[in-house]
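Work through the exercises below with the sequence and the structure in view. Each task is followed by a solution in steps.

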Amino acid sequence: PGNAALYSERSALYEKRDSLNKAILDMERAVKLDSLNAEHRLRAGDLYFRAIRVGNAREAFQRAVDLAPQNTHAKLRLAEVQLVLRDYPNSMKLVNDALRIEPTAARGYYLKGYIHMETRDSTRAISSFRTAVEQDPQDFPSYMLLGKLSAARRDPLAEQYYNTALEL
């Protein structure tokens with residue numbers, strides 16, 4: 001009962017069996033037992049996000065960033081929550097902070113592209129999505145959005161982006 005790692009492990013098992021609420025409860029116990037563990041906070045945030053408990057997810061990811069300021073995954077997950085909440089300036093700041101730490105993080109460029117797309121800057125969105133697929137040639141969502149944005153501009157590359165997405 002006093003082992004945070006075992007609660008975390010059982011949480012992962014519950015998650016695999018689609019028992020999201022039980023998985024969350026076990027991660028909450030793990031966090032209470034080991035409150036300075038950023039990875040536990042990240043896992044809890046991911047579970048909250050899946051359960052559409054965005055406020056809890058934001059809090060968990062923020063705490064993970066506070067505990068591990070060089071953790072790019074934590075910054076990108078918090079940026080994603082801020083994006084969902086339409087807090088574009090804070091989301092972009094977090095993405096840029098993460099990319100300064102890890103310049104090859106494809107997820108960061110994907111999020112930048114999405115922020116630009118949401119703020120109706122399709123030129124920058126396309127540029128960011130292209131960088132994302134340069135960093136990760138298997139990035140299906142970026143290829144799909146490149147296809148969508150390119151098709152809207154009647155760019156002949158749209159078909160190529162969609163074909164690559166289909167191959168993936």
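## Exercise 1: a pair between two helices

Asp26 has a relative accessible area of 1% and so counts as buried. The model is a predicted one.

Task: find which residue forms a salt bridge with Asp26, and state where the two residues lie.

Solution.
- Step 1. The partner of Asp26 is Arg10, and their closest N and O atoms are 2.5 Å apart.
- Step 2. Arg10 belongs to helix α1 (residues 4-16) and Asp26 to helix α2 (residues 20-33), so the pair, 16 residues apart, links distant parts of the chain.
- Step 3. Arg10 has a relative accessible area of 36%, so it is partly exposed, whereas Asp26 is buried.

## Exercise 2: a network of charges

Task: name the residues that are linked with Glu80 in a network of salt bridges, and describe the pair of Glu80 and Arg107.

Solution.
- Step 1. Side chains of opposite charge can pair when their charged atoms come close.
- Step 2. The closest N and O atoms of Glu80 and Arg107 are 3.1 Å apart, and the two form a salt bridge.
- Step 3. This pair also links distant parts of the chain: Glu80 is in helix α5 and Arg107 in helix α7 (residues 106-118), 27 residues apart.
- Step 4. Glu80 is buried because its relative accessible area is 12%; Arg107, with 37%, is partly exposed.
- Step 5. The network of salt bridges links Glu80 with Asp46, Arg77 and Arg107.
- Step 6. The count of salt bridges in the model comes to 11.

## Exercise 3: a lysine without a salt bridge

Task: Lys75 has no salt bridge. Find the nearest side chain of opposite charge and the salt bridge which that residue forms with Arg100.

Solution.
- Step 1. Lys75 lies in helix α5 (residues 72-84) and is buried.
- Step 2. The nearest side chain of opposite charge is that of Asp97, 4.3 Å away. A salt bridge needs the nitrogen within 4 Å of the carboxyl oxygen, so this pair does not count as one.
- Step 3. Beyond its neighbours within four places in sequence, Lys75 is in contact with Val65, Pro69, Leu94, Asp97, Ala98 and Ile101.
- Step 4. Asp97 meets Arg100 in a salt bridge, at 3.6 Å from N to O. Both residues are in helix α6 (residues 88-101), three residues apart, or about one turn of the helix.
- Step 5. Asp97 is buried, since its relative accessible area is 19%, while Arg100 is exposed at 61%.

## Exercise 4: nonpolar residues inside and outside

Task: state which residues touch the most other members of the largest nonpolar core, and which residues form a nonpolar patch on the surface.

Solution.
- Step 1. The largest nonpolar core has 47 residues, of which Val95, Leu111 and Phe129 touch the most other members.
- Step 2. Leaving aside neighbours within four places in sequence, the contacts of Phe129 include Tyr109, Tyr110, Met117, Leu145 and Leu149.
- Step 3. The surface patch is formed by Phe140, Met144, Tyr162 and Leu168, which together have about 320 Å² of accessible area.
- Step 4. Phe140 is in helix α9 (residues 140-152), and Met144 lies in helix α9.
- Step 5. Phe140 counts as partly exposed because its relative accessibility is 39%; Met144, at 31%, also counts as partly exposed.
- Step 6. Apart from neighbours within four places in sequence, Met144 is in contact with Tyr162 and Ala165.

How values were computed:
Residues numbered from 1 in each chain as written. Predicted model: local features only at pLDDT ≥ 70, side-chain atom pairs only at ≥ 80, totals over all residues. Heavy atoms only, no water. Patch = residues over 30% accessible without salt bridge, like charges linked within 9 Å, V, L, I, M, F, W, Y side chains within 5 Å. Areas by Shrake-Rupley, 256 points an atom, 1.4 Å probe, with all protein chains shown as cover. Helix = DSSP H or I, 4+ residues; strand = E, 2+ residues; numbered from the N terminus. Buried < 20%, exposed > 50% of the residue type's maximum accessible area, 1.4 Å probe, protein only. Lys, Arg positive; Asp, Glu negative; His and termini not counted. Contact = heavy atoms within 4.5 Å. Core = buried A, V, L, I, M, F, W, Y, C linked by side-chain atoms within 4.5 Å.
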